[in-house]
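Okay, everyone, let's get going. I'll put the structure up, and then I'd like to talk through one pocket and one sheet.

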Amino acid sequence: AGMLSPDGRCSAFDAAADGYVRAEGCGVVVLKRLSDALRGGDRVLAVVRGSAVNQDGRSSGLTVPNGSAQQRVVREALAAADVQPASIGFVETHGTGTSIGDPIEVQALAAALGEGRTPDRPLLLGAVKSQIGHVEAGAGMAGLIKVVLAIHHGRLPGQLHFHTPNPLIPWAELPVQVVDRTRDWPNGAKLAGVSAFGFSGTN
């Protein structure tokens with residue numbers, strides 16, 4: 001489950017998911033208190049309303065995530081942001097393209113963000129690793145930058161290498177949908193989440 005993809009493609013959420021793809025990169029964002037940014041006349045692309053961090057804890061292996069810990073960290077971030085689960089339109093997932101990790105993450109997100117969600121407004125999911133690979137320590141930053149740009153432009157980029165949904169994920173039972181083609185941001189407030197998990201077990 002924690003192996004490199006032999007075909008050199010990260011196929012997050014797809015039946016062909018067979019591992020991640022290594023990449024190199026770095027990213028920089030400038031963070032300011034919103035009041036200071038507005039007072040200074042800065043161009044504000046997005047606002048971080050809340051965040052959370054926890055430890056993955058016990059799981060069945062070093063490369064196997066803990067779904068309960070992932071649910072807890074999402075709920076803590078929602079509480080910090082004072083946001084209702086159903087108001088989150090999109091989540092930039094960790095989405096490594098592994099056959100075990102992807103189902104655990106999707107089900108954890110559905111459990112934490114599915115409450116109060118109507119069938120016409122599923123939680124949209126994407127993973128930038130399909131476009132640029134896994135930049136490891138910089139992976140969370142890549143996801144954050146993608147979400148900021150998507151909010152700014154009002155468009156969600158389509159997921160590469162997503163053709164046949166992973167059969168280990170019970171799609172019909174979950175209020176989630178992978179962004180399989182570039183589309184406009186869903187109606188409503190542009191509220192999104194970013195998931196990032198460290199190899200040391202940090203969520």
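Quick definition before the pocket: by a lining residue I mean one that has an atom within 4 Å of a grid point of the pocket. And keep in mind that what you're looking at is a predicted model.

So, the second largest pocket. Its volume comes out at about 520 Å³. How many residues line it? There are 18, and Val30, Leu31, Lys32, Leu45 and Ala46 are the ones that lie nearest the centre. As for character, 14 of the lining residues are nonpolar and four are charged, with no polar ones. Helices α1, residues 34–39, and α5, residues 139–153, each bring in at least two lining residues. The largest share is from α5, which gives four.

Hold on to α5, and let's move over to the sheet. Here we've got four strands in an open sheet, ordered β4-β2-β1-β6, with parallel pairing. At the edges sit β4, 176–178, and β6, 192–194, each pairing on one side only. Ignoring direction, neighbouring strands are turned by 25° against each other on average.

Zooming in on one pair: β1, residues 90–92, runs parallel to β2, residues 123–126, and three bridges link them. Val91 is opposite Leu125 of β2 there.

Now, what packs on this? Helix α3, residues 101–113, lies across β1, β2 and β4, at about 150° to β2. And here's α5 again: this helix packs on the sheet too, touching β1, β2 and β6, and its direction makes about 165° with that of β6. So that's α5 both in the pocket lining and on the sheet. Okay, over to you.

Note on methods:
Residues numbered from 1 in each chain as written. Predicted model: local features only at pLDDT ≥ 70, side-chain atom pairs only at ≥ 80, totals over all residues. Heavy atoms only, no water. 1 Å grid on protein atoms, 1.4 Å probe; cavity = no way out; pocket = protein on both sides within 12 Å on 5 of 7 lines; lining within 4 Å. Points joined across faces, edges and corners; volume = space filled by probe spheres on them. Nonpolar A, V, L, I, M, F, W, Y, C, P; charged D, E, K, R; others polar. Pairing = 2+ DSSP bridges. Axes fitted to C-alpha atoms, helices over the stretch in contact; angles between N-to-C directions. Contact = heavy atoms within 4.5 Å.
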